[in-house]
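Dear colleague,

I am passing the structure on to you with this email, and below it I have set out what was found in it. Please read the notes with the sequence and the model open beside them.

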Amino acid sequence: MPNILAALTLNQRLALLAFLLGLGALAATPTTGERLTVDARQMAWRAANGSSRVPARTLADWIVQGRADYQLVDVRSADAFAAGPRIPSAENIPLTVLFDAGLGRDQTIVLVGEDEAAAAQAWFLLQAAGYRGAAIVDGGLAAWRDQVLYPRVDGVDAAERATLEAVSAHFGGAPRIGGGADPPVAAPASGLAQASPAVPKLPAAGAKKPSPAKKREGC
Amino acid sequence: MMAPLLKYGVFGSETSLVFAFLIGLGFGFALERAGFGSARKLVSQFYLNDLAVFKVMFTAIVTAMLGVTYLSWVGVLNLSLVYLVPTFILPQIVGGLVLGAGFVVGGYCPGTALAATATGRLDAVVYGLGLYAGTFLFAELYPVFKPLHTATPMGPITIPQYFGLPYGVVVFAVVLMAIGGFAGAGWVEKTMASRRGTDAAAIAATRE
């Protein structure tokens, strides 16, 4: 056996090596990123320390300021997104295609969904897959409605009240005094919906902000 | 650590340009060292005198393919994140034929033209100018080419997907093809050499 190997030229040895590697490749199972390895302790800490929650008011400020360093993703199905209330500037990426959407692993991704549980499910999947910037809106769409669109203004000082009014007006809502979670009758029922055409002063809340340049390949 | 490194955020797209530059350096170096800075050597491929181009390219394909397979098998490389150029089968066949014709007539292909320019060959410089002129013309006349350019889209499809074969089987098949191709190429070269006598051997031995 050693004699045969010694008698081969370099090229022939390389060919033999390639053949053996090719033979070995018959058993190969390539990784395609579907199976994830989760560090359970790290995930538990991350969930517990609350750093992945973005208060609805903070998100509202980001939208008003026109910040472009985050991406707001709504993980509901396309039908639910079209039919239901939504936060302006949210991009609809249903949960089932979340991993095909080309989100950046270092990008801040704020998640909102049918309810807080749906957003949390998406948060877990993204975090497990290495998207360290994933976060959820604290309280989900309900918090958006109750804290941004129709904030309670009884018992707050004047400056705070003015801010709340300005922010809620920007998104087409109105502040309320007391009462339950129901919006005041006067406010438009579609306050949570798409663009607020009545408020032109800041970049149109419904307009999609320029998505971060993803297509860097194939140029 | 997982690869592709860019997709996992190990570095950003600006840094990736630096790596692209370094990889380009390596590629140009390899081309020149393989002798592909010489138009004569490149064109001998088409006259079946010297099949070095075929051998070098196939070697590169097999090396990269085996490397990707094993890295992905070990779990270091996420294969689904590697960029695949979308397949438009008809325009790509047409484009390949045009490129092949230009290759034989001009004596270079784009990469080797740059490599040869680096060694000071004037014909490579002219070829490069033709390259830019052709690219410019294509871009300016794009509306004319668009129907062909976007015909028969198949998406970023792979051979295992298309034939429904397991990934490893395709890898093994390509390795067999490569080894067979090398043996065949060696036979072809020998046949052509003996047919043309010492002239062919002299041309093949030209290392410019």
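**Chain A and its sheet**

Read from the start of its sequence, chain A follows the pattern α-α-α-β-α-β-α-β-β-α-β-α-α, which amounts to eight helices and five strands; helices (H or I, at least four residues) and strands (E, at least two) are DSSP runs, numbered from the N terminus. This is a predicted model, in which local features need pLDDT of at least 70 and side-chain atom pairs count only at pLDDT 80 or more, while totals for chains, interfaces and linings use all residues. Residues are numbered from 1 along each chain as its sequence is written, and chains are lettered from A and ligands numbered from 1 in the order in which they are written.

Of the 219 residues of chain A, 28% count as buried, where buried stands for 20 or more other C-beta atoms within 10 Å of the residue's own, exposed for 12 or fewer, and partly exposed for the range in between, with C-beta atoms placed from the backbone. If one takes the contacts in chain A between residues at least 6 apart in sequence, 61% join residues at least 24 apart; a contact requires that the C-beta atoms of two residues, placed from the backbone, lie within 7 Å.

The five strands form an open sheet with parallel pairing, in the order β1-β5-β4-β2-β3 of chain A, two strands being paired if DSSP finds at least two bridges between them. β1 (53-55) and β3 (91-92) of chain A stand at the edges with a single partner strand each, so one side of each is left without a neighbour in the sheet. At one of these edges, β1(A) is joined to the parallel β5(A) by three bridges, and A:Arg53 stands opposite A:Ile136 in β5(A). Three bridges also join β4(A) to β5(A), again in parallel, and here A:Ile136 is the bridge partner of A:Leu111. At the other edge, β2(A), residues 70-74, pairs with β3(A) in the parallel sense over two bridges, with A:Asp74 opposite A:Asn92.

Two helices can be placed relative to this sheet. Helix α4 of chain A (residues 56-65) lies across β1, β2, β4 (108-112) and β5 (134-138) of chain A and runs at about 70° to β1(A), whereas helix α7 of chain A (residues 140-149) lies across β4 and β5 of chain A and runs at about 50° to β5(A). Axes here are lines fitted to C-alpha atoms, for helices over the stretch in contact, and angles run from 0 to 180 degrees between N-to-C directions.

**Chain B and helix α5**

Chain B comes to 10 helices and two strands, following the pattern α-α-α-β-α-α-α-α-β-α-α-α along its sequence. Of its 208 residues, 18% count as buried.

Within α5(B), residues B:Thr112, B:Ala113, B:Leu114, B:Ala115 and B:Ala116 are buried, and the buried residues of this helix pack against α1 (13-33), α2 (39-44) and α6 (122-140) of chain B. B:Thr117 also lies in α5(B), residues 110-118, but counts as partly exposed because it has 19 C-beta neighbours inside 10 Å. Apart from neighbours within four places in sequence, B:Thr117 is in contact with B:Ala124, B:Val125 and B:Gly128. After the helix comes B:Gly120, whose phi is positive, near 90°.

**Where the chains meet**

Between the two chains, 26 residues of chain B are in contact with 22 residues of chain A. On the chain B side, α3 (52-74) and α9 (167-196) are the elements that give two or more residues, and α9(B) gives the most, with 10 residues. That side divides into 18 nonpolar, eight polar and no charged residues, where Ala, Val, Leu, Ile, Met, Phe, Trp, Tyr, Cys and Pro count as nonpolar, Asp, Glu, Lys and Arg as charged, and the others, Gly among them, as polar.

The axes of α2(A), residues 10-25, and α9(B) come within 7 Å and cross at roughly 160°. The two helices are therefore roughly antiparallel to each other, given that angles under 35 degrees count as roughly parallel, over 145 as roughly antiparallel, 65 to 115 as roughly perpendicular and the rest as oblique. Among the residues that make this contact are A:Phe19 and A:Leu23 of α2(A) and B:Phe172 and B:Ile179 of α9(B); the residues of the contact divide into 12 nonpolar, two polar and no charged.

With best wishes
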